[in-house]
Amino acid sequence: MELEAAAALGKYLGAGIACLALAGAGIGVGNVAASFLNGALRNPAAAKEQTATLFIGLAFAEALGIFGLVVAMLLLFAV
Amino acid sequence: MELEAAAALGKYLGAGIACLALAGAGIGVGNVAASFLNGALRNPAAAKEQTATLFIGLAFAEALGIFGLVVAMLLLFAV
Amino acid sequence: MELEAAAALGKYLGAGIACLALAGAGIGVGNVAASFLNGALRNPAAAKEQTATLFIGLAFAEALGIFGLVVAMLLLFAV
Amino acid sequence: MELEAAAALGKYLGAGIACLALAGAGIGVGNVAASFLNGALRNPAAAKEQTATLFIGLAFAEALGIFGLVVAMLLLFAV
Amino acid sequence: MELEAAAALGKYLGAGIACLALAGAGIGVGNVAASFLNGALRNPAAAKEQTATLFIGLAFAEALGIFGLVVAMLLLFAV
């Protein structure tokens with residue numbers, strides 16, 4: 001296999017595999033929002049106070065998915 | 001393997017693998033909606049108030065799946 | 001491996017792998033419907049009100065599975 | 001590898017991998033029916049009313065498994 | 001396969017596979033935030049006191065994902 005062929009194969013396969021990060025982040029994000037909804041519907045009076053924590057949790061988990069997307073994009077367009 | 005062959009193999013396999021992001025997002029989205037339904041049927045009076053949070057959770061989780069779909073589409077049609 | 005052989009191998013394997021998105025969506029859809037049934041049988045009076053939410057949850061989760069099916073179909077018939 | 005060999009390898013392996021969609025759908029379908037039975041045995045009076053929801057949940061989750069089966073069949077007999 | 005081709009294939013594939021660390025970290029981060037929200041909505045008076053612990057948990061789990069990202073970046077740009 002020549003250099004260009006190997007690089008193309010690696011880049012495209014690697015970009016696909018990097019998307020697995022999105023799967024884990026999706027499970028995590030779902031877990032955060034699910035727990036908030038669970039709690040907020042049990043104790044609605046306290047929900048407002050925890051909205052900031054909800055978004056912090058969503059942001060931390062979503063960030064990990066976006067890091068994977070960044071690696072996929074770098075593989076597709078930058079290297 | 002020549003360049004075109006390697007690129008085709010990588011693109012098509014990579015697009016398939018990128019769809020695994022949809023699996024994780026599907027689990028996450030299901031978890032969010034399940035928790036909302038669970039809580040809303042236990043305490044229907046509070047359900048209206050949390051509808052916005054439901055859609056925020058669904059949107060964050062769905063977004064991660066759609067990022068994976070975008071990578072798959074880029075692999076199939078853009079690179 | 002020549003171009004046609006690599007493309008065929010990638011397409012067919014990729015279409016199979018893209019179906020894994022259906023697995024995650026199936027778990028998510030099942031979770032949504034299970035939670036609704038769980039709650040509706042505990043509190044049948046509130047079930048009618050949440051039917052819309054049930055279908056929203058089912059639709060969001062099912063959509064992620066259908067995105068995977070679309071990628072599989074594109075791999076088989078469009079690229 | 002020649003075209004026919006690569007196509008045969010890809011088709012047969014892809015059809016097998018596509019069946020993993022059935023695994024996820026099986027978990028989802030089982031979850032739906034289990035929740036219905038759980039609830040119906042706790043509150044039998046409400047069970048009749050939710051039979052429609054049971055079948056909706058089963059149909060949505062089963063559909064995702066059938067999509068995977070369709071892809072496997074297409075790989076085996078149509079492409 | 002020559003040295004350069006093997007190195008390129010390995011680098012790009014390895015960068016993609018390193019992103020699997022992000023998937024696990026995403027599940028972990030989601031679990032931490034979910035547990036905090038669960039508890040804080042059940043006992044809001046104690047939530048403030050545990051905010052530091054929330055961020056410690058998030059930081060430790062997020063760090064593991066970022067280590068995977070660092071390996072991916074090193075593979076892409078430094079070696």
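A salt bridge is taken here as a side-chain nitrogen of Lys or Arg within 4 Å of a carboxyl oxygen of Asp or Glu. The exercises below apply this rule and related ones to a predicted model.

**Exercise 1. Determine where Glu62(A) lies, and which side chain of opposite charge is nearest to Glu62(A).**

Solution. Begin with the position in the fold: Glu62(A) belongs to helix α3 of chain A, which covers residues 51–78. Next, consider the surroundings of this residue, which is buried and yet has no salt bridge. The nearest side chain of opposite charge is that of Lys48(A), and it is 23 Å away, whereas a salt bridge would require the two charged groups to be within 4 Å. Finally, list the contacts, leaving aside residues up to four places away in sequence: Glu62(A) touches Val29(A) and, in chain B, Phe60(B), Ala63(B), Leu64(B) and Phe67(B).

**Exercise 2. Describe the interface of chain A and chain E by its area, its polar pairs and the residues on the side of chain A.**

Solution. Start with the residues in contact, which number 45 in chain A and 42 in chain E. The area buried between these two chains is about 3500 Å², and carbon and sulfur atoms give 79% of it. Within the area that chain A buries against chain E, 17% is supplied by Met1(A), Phe60(A) and Leu64(A), more than by any other three residues.

Then turn to the specific pairs across the interface of chain A and chain E: the count of salt bridges is 0, and 2 residue pairs are in polar contact, with both residues at pLDDT 80 or more.

To see which parts of chain A take part, note that α1 (3–18), α2 (20–42) and α3 of chain A each give two or more residues to the side that touches chain E. The largest share, 14 residues, comes from α3(A). Sorted by class, this side of chain A has 29 nonpolar, 12 polar and 4 charged residues.

**Exercise 3. Carry out the analysis for chain C and chain D, and state which element of chain C gives the largest share of the side that touches chain D.**

Solution. Again take the contacts as the starting point: 42 residues of chain C are in contact with 45 residues of chain D. Together chain C and chain D bury about 3500 Å², with 79% of this on carbon and sulfur atoms. Tyr12(C), Leu37(C) and Leu41(C) supply 20% of the area that chain C buries against chain D, which is more than any other three residues supply.

For the pairs across the interface of chain C and chain D, the rule finds 0 salt bridges, together with 2 residue pairs in polar contact, both residues being at pLDDT 80 or more.

The elements of chain C that give two or more residues to the side touching chain D are α1 (3–18), α2 (20–42) and α3 (51–78), and the largest share, 17 residues, comes from α2(C). By class, this side of chain C has 32 nonpolar, 6 polar and 4 charged residues.

**Exercise 4. How far apart are the nearest C-alpha atoms of chain A and chain C, and those of chain C and chain E?**

Solution. Chain A and chain C do not touch, and their nearest C-alpha atoms are 9 Å apart. Chain C and chain E are likewise not joined by any contact, and their closest C-alpha atoms lie 14 Å apart.

**Exercise 5. Decide whether Ile17(D), Ala59(D) and Lys48(D) are each buried, partly exposed or exposed.**

Solution. The cut-offs needed are under 20% relative accessible area for buried and over 50% for exposed, with partly exposed in between.

Ile17(D), in helix α1 (residues 3–18) of chain D, counts as partly exposed because its relative accessibility is 24%. Its C-alpha atom is separated by 8.3 Å from that of Ala72(D), 55 residues apart along the chain. Not counting residues up to four places away in sequence, Ile17(D) touches Leu13(C), Gly16(C), Ile17(C) and Leu20(C).

Ala59(D), in helix α3 of chain D, has a relative accessible area of 44% and is therefore partly exposed. Ala59(D) and Val29(D) are 30 residues apart in sequence, and their C-alpha atoms are 8.5 Å apart in space.

Lys48(D) lies in the loop between α2 (20–42) and α3 (51–78) of chain D, and its relative accessibility is 75%, so Lys48(D) counts as exposed. From C-alpha to C-alpha, Lys48(D) and Gly28(D) are 22 Å apart, with a spacing of 20 residues in sequence.

Terms used. Residues are numbered from 1 along each chain as its sequence is written. Chains are lettered from A and ligands numbered from 1 in the order in which they are written. This is a predicted model: local features need pLDDT of at least 70, side-chain atom pairs count only at pLDDT 80 or more; totals for chains, interfaces and linings use all residues. Side-chain values use heavy atoms; hydrogens and water are left out. Helices (H or I, at least four residues) and strands (E, at least two) are DSSP runs, numbered from the N terminus. Buried means under 20% relative accessible area, exposed over 50%, partly exposed in between (1.4 Å probe, protein chains only). Lys and Arg count as positive and Asp and Glu as negative; His and the chain ends are not counted. Contact means heavy atoms within 4.5 Å. Buried area is the accessible area (1.4 Å probe) that two parts lose on being put together, summed over both. A polar contact is a pair of N or O atoms within 3.5 Å; within protein, one must be able to donate a hydrogen and the other to accept it, and residues adjacent in sequence count only if both atoms are side-chain atoms. Ala, Val, Leu, Ile, Met, Phe, Trp, Tyr, Cys and Pro count as nonpolar, Asp, Glu, Lys and Arg as charged, and the others, Gly among them, as polar.
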